[in-house]
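Trainee: I have a model open and I would like to learn how to read it. Could you walk me through a few residues?

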Amino acid sequence: VRLRSILQARCNGLEESLQQERDAQKALEERVRNASEAAAAETSPDSAAQALASCNAALAVKEAEVQQARREQRRLEQVAAAAREAMMRMGPRLGALAGQEVSTTQEGLEDAVEACEGL
């Protein structure tokens, strides 16, 4: 039961981290889009060229950050999937502890977890 709780907490934490990464990625993409629009609105040729160069440099940095966020998102998705798979493999053992047969579906695992929590 303790191991299940630890795995469940880790899985929940990973899913929260994944959502935070997705939110950060969306916010970053919005900031880049806003910066691009602001640079495009500039009318003076000299300042427009400077703004474009500055925007391109900022865009390159932000694109690198977005790529890093996407890599981290994929890593977190893989870790969360591995945690879910581990919990699914534990289902029959949790069911045995609770004295019931457990299917290998997510619902079956949730039933087994609830039964074990009731012990």
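Trainee: Is Val 32 buried or exposed?

Mentor: Buried means under 20% relative accessible area. Val 32 has 14% relative accessibility, so Val 32 counts as buried in this predicted model.

Trainee: Where is Val 32 found?

Mentor: You will find Val 32 in helix α1, which covers residues 2-41.

Trainee: Which residues does Val 32 touch, not counting residues up to four places away in sequence?

Mentor: A contact means heavy atoms within 4.5 Å. With those sequence neighbours set aside, Val 32 touches Leu 59 and Lys 62.

Trainee: How many residues apart in sequence are Val 32 and Asn 56?

Mentor: They are 24 residues apart in sequence. In space, the C-alpha to C-alpha separation of Val 32 and Asn 56 is 10.0 Å.

Trainee: Let's try another residue. What is the relative accessible area of Gln 25?

Mentor: For Gln 25 the value is 9%, and the cut-off is under 20%, so Gln 25 is buried. Gln 25 also has its place in helix α1.

Trainee: Which residues does Gln 25 touch, again not counting residues up to four places away in sequence?

Mentor: Gln 25 touches Val 66, Ala 69, Arg 70 and Gln 73. Let's follow one of these, Gln 73. Gln 73 is found in helix α2, residues 45-98. Leaving aside neighbours within four places in sequence, Gln 73 is in contact with Leu 18, Arg 22 and Gln 25.

Trainee: And is Gln 73 buried or exposed?

Mentor: Gln 73 is buried, because a relative accessible area of 14% is under 20%.

Methods. Residues numbered from 1 in each chain as written. Predicted model: local features only at pLDDT ≥ 70, side-chain atom pairs only at ≥ 80, totals over all residues. Heavy atoms only, no water. Helix = DSSP H or I, 4+ residues; strand = E, 2+ residues; numbered from the N terminus. Buried < 20%, exposed > 50% of the residue type's maximum accessible area, 1.4 Å probe, protein only.
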